[in-house]
Amino acid sequence: MKAGIELGTNTTGQPALLDLEELLSTRLLVQGNSGSGKSHLLRRLLEQSAGMVQQAIIDPEGDFVSFSERFGHTVVDAERSPSELQRIALRIRQHRASVVLNLEGLDAEEQMRCAAAFLNGLFDADRSVWYPMLITVDEAQIFAPAVAGEVSDEARRLSLGAMTNLMCRGRKRGLAGIVATQRLAKLAKNVAAEASNFLMGRTFLDIDMARAADLLGMDRRQAEGFRDLEPGQFVALGPALSRRPVPVRIGAVDTAGRSGRPVLMPLPEMPQAEMQDLIFVGGEDDLLPMPAPVSRARGTAELLRDIETSGPLDSTPEVEADTRTEAEKQELLDSVYAEIMSDPETAFRPAPLIYQDFLFHCRIKKLGTFGQDMPSFRKRLAMARAGVSSDRGDDAWEQVLAVAESLPEEMQGVFLLLARAAREEAPCPTDEALANAYGSRSPSRGRWLLTYMSEHGHIRSEEDFRGSRIVTIAGVNWRTLPGAPKAGPIRKVDPLRRAPMLTMPSSRPAE
């Protein structure tokens, strides 16, 4: 044994060793019902080998993210597109980084698609980076199911194909699979059969005991002993473990998962009336914050009153020193754009008409000619439609604005809207929001704009496993969170009252 790690002790109290180099060539299967100590075993094995070999952990429950603090593993969030996960996997092999692919929060089909994309990225890496690597897959029956379940056939095919490649063809690429499952009967046979090393824990169902006995070369009477195993106790067999089946008790671990064995806790002692108040009334800690007041577009009557109180608007006003600083004027100019954009119909009006309203508001604010030339107005209007402040203050925004100015004028607001969402790590805007920033009511126009900017290299638009859209801004590598292309409720405007009303996309306006 050239590189051995200590799993625990055997029945004689001697260290139970695992040959790590042999494991890289022969793969490992771990089986045990819930509560048998299967995750504890994986944690022990990975902790002991963390400093010896590169590791990747497919973690469906987020139990292994604690490896990030203790051993420096990089946690890869699965809320990404398939192509992005594959690119990340290629970089992982290139730089020999140990990682945890956290699939917590995704449903079974999404987990299967994510794992398939990630494993395929590791598998398809260039030959020059085929370094030895342990690939641990917890709850492997999710990713290599024996029979079709409630997931789609495509997701099952992708995931099962990736797992089969890992176990059957991964050795030549330096990939050593460690698969762990609660139910052998639910794990695809062609995945389980490729393992040469086995650690079998407590099992109760006859069908699982029969599968375990068949893999270990035991008869049915011996297989019934799996029911008597204690938590943390496993039967080991394989070239990296032992030439004969031997019981092994797994040793202690340094890290802890988010979930553990449940323990009894005393119930709260509280009068029934108080408990009912907490349930049906609630307390201060669960009160929702009050919504922020919605800004209202100013009517014509209000504007006329402002004109009267501010005096005549003469083209030759009395000369008086303007003591306001440029920053104060800029703040007033920002308020003018905010007032204009507070009208929901502004997004659909031609720029020349909006410009007339803009000049009118500037005269009320007594801004003179400050920032009122047409090129500056069009640039600021695009920024206002995107909700971008004029006070950018960094080089990255200047670079984004330079790219925006190279686009057709009507597309600049759309690009800046995407850039703002990406910079703030907000969800990607919907098709409707993109169309509104363009000045259109058609969501298909928003999709066309994304295609145009993607083809010209200004952005990269991808979809994740849920169909949500992710946009990355070229040059600065800002990236939006996943966002649904189609909105739920759509806010429309009653042209008679100028008041927003909420309707569903399929409903007709009230008559």
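This is a short tour of a predicted model, stop by stop, with something to select at each one.

**Stop 1: strand β10**

Select residues 233-238, which make up strand β10. Six of the six residues are buried, so the strand is largely enclosed by the rest of the structure. Colour the two faces separately if you like: Q233, V235 and L237 sit on one side, F234, A236 and G238 on the other, and all are buried.

Now bring in the neighbours. Strand β9, residues 197-200, pairs with β10 in the antiparallel sense over three bridges. Strand β11, residues 242-250, also runs antiparallel to β10, and five bridges join the two. To get from β10 to β11, follow the hairpin, which takes three residues.

Which residue of β10 is the bridge partner of L199? Click on A236. Keep A236 selected and look towards β11, where A236 stands opposite V246.

**Stop 2: helix α13**

Next, select residues 326-341, helix α13. Put a distance label between its end C-alpha atoms and you should get 23 Å. The 16 residues, at 1.5 Å a residue, should span 22 Å, which agrees.

Show the side chains of K329, L333, V336, Y337, E339 and I340, which are buried. Then turn the view to look down the axis of α13: the buried residues fall within an arc of 160 degrees, so they line one face of the helix. An α-helix has 3.6 residues a turn, so residues three or four places apart point the same way. Swing round to the face turned away from the buried side of α13 and you'll find A327 and E331, both exposed.

**Stop 3: a nonpolar patch**

Switch to a surface view and select M270, M275, L278, I279, F280 and V281. Together they make a nonpolar surface patch of about 630 Å². Pick out V281 in the loop between α11 (272-280) and α12 (300-310). Is V281 buried or exposed? Its relative accessible area is 65%, and with exposed meaning over 50%, V281 counts as exposed.

**Stop 4: the β12-β13-β14 sheet**

Back to cartoon. Three strands form an open sheet here, in the order β12-β13-β14, with antiparallel pairing. The edges are β12 (459-463) and β14 (478-479), each of which pairs on one side only. Strand β13, residues 469-473, is joined to β14 by two bridges. To see one of the contacts, select I473 and its bridge partner in β14, W478.

**Stop 5: salt bridges**

The model has 14 salt bridges; here are some to click through.

- Begin with R460 and E462, whose closest N and O atoms are 3.8 Å apart. R460 is partly exposed at 36% relative accessibility, whereas E462, at 9%, is buried.
- Then go to E84 and R479, where the closest N and O atoms are 3.1 Å apart. E84 lies in helix α4 (residues 82-95) and R479 in strand β14, so this pair ties together parts 395 residues apart in sequence. E84 counts as buried, at 9% relative accessibility.
- Finish with K38 and D138, with 3.6 Å between the closest N and O atoms. K38 is in helix α2 (residues 38-49) and D138 in the loop between β7 (133-137) and α6 (140-143), so to speak a link across 100 residues. Both K38 and D138 are buried.

Note on methods:
Residues are numbered from 1 along each chain as its sequence is written. This is a predicted model: local features need pLDDT of at least 70, side-chain atom pairs count only at pLDDT 80 or more; totals for chains, interfaces and linings use all residues. Side-chain values use heavy atoms; hydrogens and water are left out. Buried means under 20% relative accessible area, exposed over 50%, partly exposed in between (1.4 Å probe, protein chains only). Helices (H or I, at least four residues) and strands (E, at least two) are DSSP runs, numbered from the N terminus. Two strands pair if DSSP finds at least two bridges between them. The expected span of a helix is 1.5 Å times one less than its number of residues. The arc is that of the directions from the helix axis to the C-beta atoms. Patches are made of residues with over 30% relative accessible area and no salt bridge: like charges are joined within 9 Å, nonpolar side chains (Val, Leu, Ile, Met, Phe, Trp, Tyr) within 5 Å. Accessible areas come from the Shrake-Rupley method with a 1.4 Å probe; for residues, only the protein chains shown count as cover. A salt bridge is a side-chain nitrogen of Lys or Arg within 4 Å of a carboxyl oxygen of Asp or Glu.
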